[in-house]
Amino acid sequence: MRVRATAAAAAMLLAALTACGGSDGGDSGGADAKSSEGSKASTAKKVDCADEDISQADWMEHCSDEGAGAGADGDGTAGKATGLKFGESYTWPDGLKVSVADAKVFTDYDAELMESAEPGNTDFRVRLKLTNSGKSAVALDDLSVIVEGATKGGEAAATAFEKGAEPLEGRLAPGVFATKTNDNALETKYGKKVVVTVQRNSEDFDLDFPEFTGSITG
C-alpha cells in the first residue's frame with residue numbers, strides 16, 4: 001500500500017509540473033506575439049501630410065481619403081466644416097479635399113517688381129493642400145480664400161507675391177494632389193491668429209465653406 005501511494009503521488013506531481021510548464025509556454029507565446037505587434041507598430045512609416053515635399057505615393061496612401069479609409073478624412077474631421085485647425089482637412093461631396101498646411105510671414109520680396117513690406121502690415125502666404133479623390137477633374141479657379149483676424153477682428157487684403165507662388169488656377173485630375181498658395185496682408189493691430197475660409201463657386205447653394213484656424217508663423 002505504501003508503494004502504491006508513493007507512485008500515485010509521483011504521478012500527481014508530474015502532472016502538476018507538466019501543467020505549469022504548458023502555462024509558461026502559453027504566456028511566453030502571447031508575450032512574443034505582443035512584442036512582435038509592438039515592433040511592427042513602432043516601425044510603421046510616419047508621414048507628415050502637411051509636408052510640401054511629400055511624394056505622390058505617400059500622400060495617396062497615408063493622407064488621401066482612400067488611404068485614410070473610405071468616408072473619413074483620417075484626422076477625425078469627416079463632415080466637419082467649422083472649428084477646423086491648420087493641418088486638419090475637409091472633403092466636399094465630389095471628393096475634393098482641402099486643408100490649410102500653414103500661414104507664414106512673407107519676406108522674400110522681388111525687388112525687380114518693386115515688392116516691399118508696407119509699415120503696419122503683416123505680409124504672409126497661406127499654403128493649401130488639395131487632393132482630388134473624386135472621379136472627375138476639378139477646376140481650381142473655382143476656389144477662393146478669405147482670411148480674417150481671429151482675435152481682434154479685421155480682414156486681410158488679398159495680394160500676390162512673385163517668388164514661390166502657386167496660385168489657385170488650372171485643373172486637378174482625379175487621384176492627384178497639389179500644394180497651392182494664397183498671399184495676404186493683415187494690419188499688425190489684428191494680431192497673427194487668423195481664420196482661413198476656403199470658398200468654392202458652385203450651383204449647389206448648400207455647399208459648405210470650411211474654416212481653418214491657426215497662427216501666422218515666422
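A residue is taken as buried when its relative accessible area is under 20%. In the predicted model examined here, Ala81 has a relative accessible area of 13% and is therefore buried. Ala81 belongs to the loop that runs between helix H3 (65-68) and strand S1 (84-85). Leaving aside residues up to four places away in sequence, the contacts of Ala81 are with Tyr90, Asp208, Phe209, Pro210 and Glu211. A further relation over a long stretch of sequence involves Phe212: the C-alpha atoms of Ala81 and Phe212 are 8.5 Å apart in space, although the two residues are separated by 131 residues in sequence.

The protein contains three helices and 11 strands. Their order from the N terminus is α-α-α-β-β-β-β-β-β-β-β-β-β-β. Of its 218 residues, 34% count as buried. The exposed surface amounts to about 12,800 Å², of which carbon and sulfur atoms supply 52%. Among contacts with a separation of 6 or more, 67% are made by residues 24 or more positions apart.

The largest nonpolar core comprises 30 residues, and those with the most contacts inside it are Trp92, Phe124, Val126, Leu143, Val147, Val196 and Phe212. Two or more residues are given to this core by each of S3, S4, strand S6 (143-149), S9, S10 and strand S11 (211-217). The surroundings of one of these core residues, Val196, were examined in detail. Not counting residues up to four places away in sequence, Val196 touches Phe86, Val100, Val126, Val145, Ile146, Val147, Pro210, Glu211 and Phe212.

Aromatic pairing was considered next. A pair of aromatic rings is described by the distance of the centres and the angle of the planes. The model has four aromatic pairs. In one of them, the ring centres of Phe106 and Tyr109 are 5.6 Å apart and the planes meet at 80°; because an angle over 60 degrees counts as edge-to-face, the pair is assigned to that class. Phe106 also pairs with Phe161, in a stacked arrangement with 4.4 Å between the centres and 5° between the planes. Phe106 lies in the loop between strand S3 (96-105) and strand S4 (121-132), whereas Phe161 lies in the loop between strand S7 (157-159) and strand S8 (171-172); the pair therefore ties together parts that are 55 residues apart in sequence. Phe106 and Phe161 are both buried, with a relative accessible area of 7% for Phe106. Through these ring pairs, Phe106, Tyr109 and Phe161 are linked into a cluster.

The loop between S3 and S4 also holds Met114. Most residues other than glycine have a negative phi. Met114, which is not a glycine, has a positive phi of about 60°. Its relative accessibility is 74%, so Met114 counts as exposed.

Charged side chains were then analysed. Side chains of opposite charge can pair when their charged atoms come close. Five salt bridges were identified. One of them joins Asp94 to Arg200, with 2.6 Å between the closest N and O atoms. This pair links distant parts of the chain, as Asp94 is located in the loop between strand S2 (89-91) and S3 and Arg200 in strand S10 (residues 193-200), 106 residues apart. Asp94 has a relative accessibility of 39% and counts as partly exposed, whereas Arg200 is buried at 12%. Arg200 takes part in a second interaction: its charged end sits over the ring of Trp92, 5.0 Å from the ring centre.

A salt bridge is also formed by Arg125 and Asp183, whose closest N and O atoms are 2.6 Å apart. Since Arg125 lies in strand S4 and Asp183 in strand S9 (residues 177-187), the pair ties together parts that are 58 residues apart in sequence. Both of these residues, Arg125 and Asp183, are buried. Another of the salt bridges connects Lys189 with Glu187, with 3.7 Å between the closest N and O atoms. Lys189 counts as exposed, at 51% relative accessibility, while Glu187 is partly exposed, with a relative accessible area of 36%.

Conventions: Residues numbered from 1 in each chain as written. Predicted model: local features only at pLDDT ≥ 70, side-chain atom pairs only at ≥ 80, totals over all residues. Heavy atoms only, no water. Phe/Tyr/Trp six-rings, centres within 6.5 Å; stacked < 30°, edge-to-face > 60°. Buried < 20%, exposed > 50% of the residue type's maximum accessible area, 1.4 Å probe, protein only. Helix = DSSP H or I, 4+ residues; strand = E, 2+ residues; numbered from the N terminus. Lys NZ or Arg CZ within 6 Å of the ring centre and 35° of its normal. Salt bridge = Lys/Arg side-chain N within 4 Å of Asp/Glu carboxyl O. Contact = heavy atoms within 4.5 Å. Areas by Shrake-Rupley, 256 points an atom, 1.4 Å probe, with all protein chains shown as cover. Core = buried A, V, L, I, M, F, W, Y, C linked by side-chain atoms within 4.5 Å.
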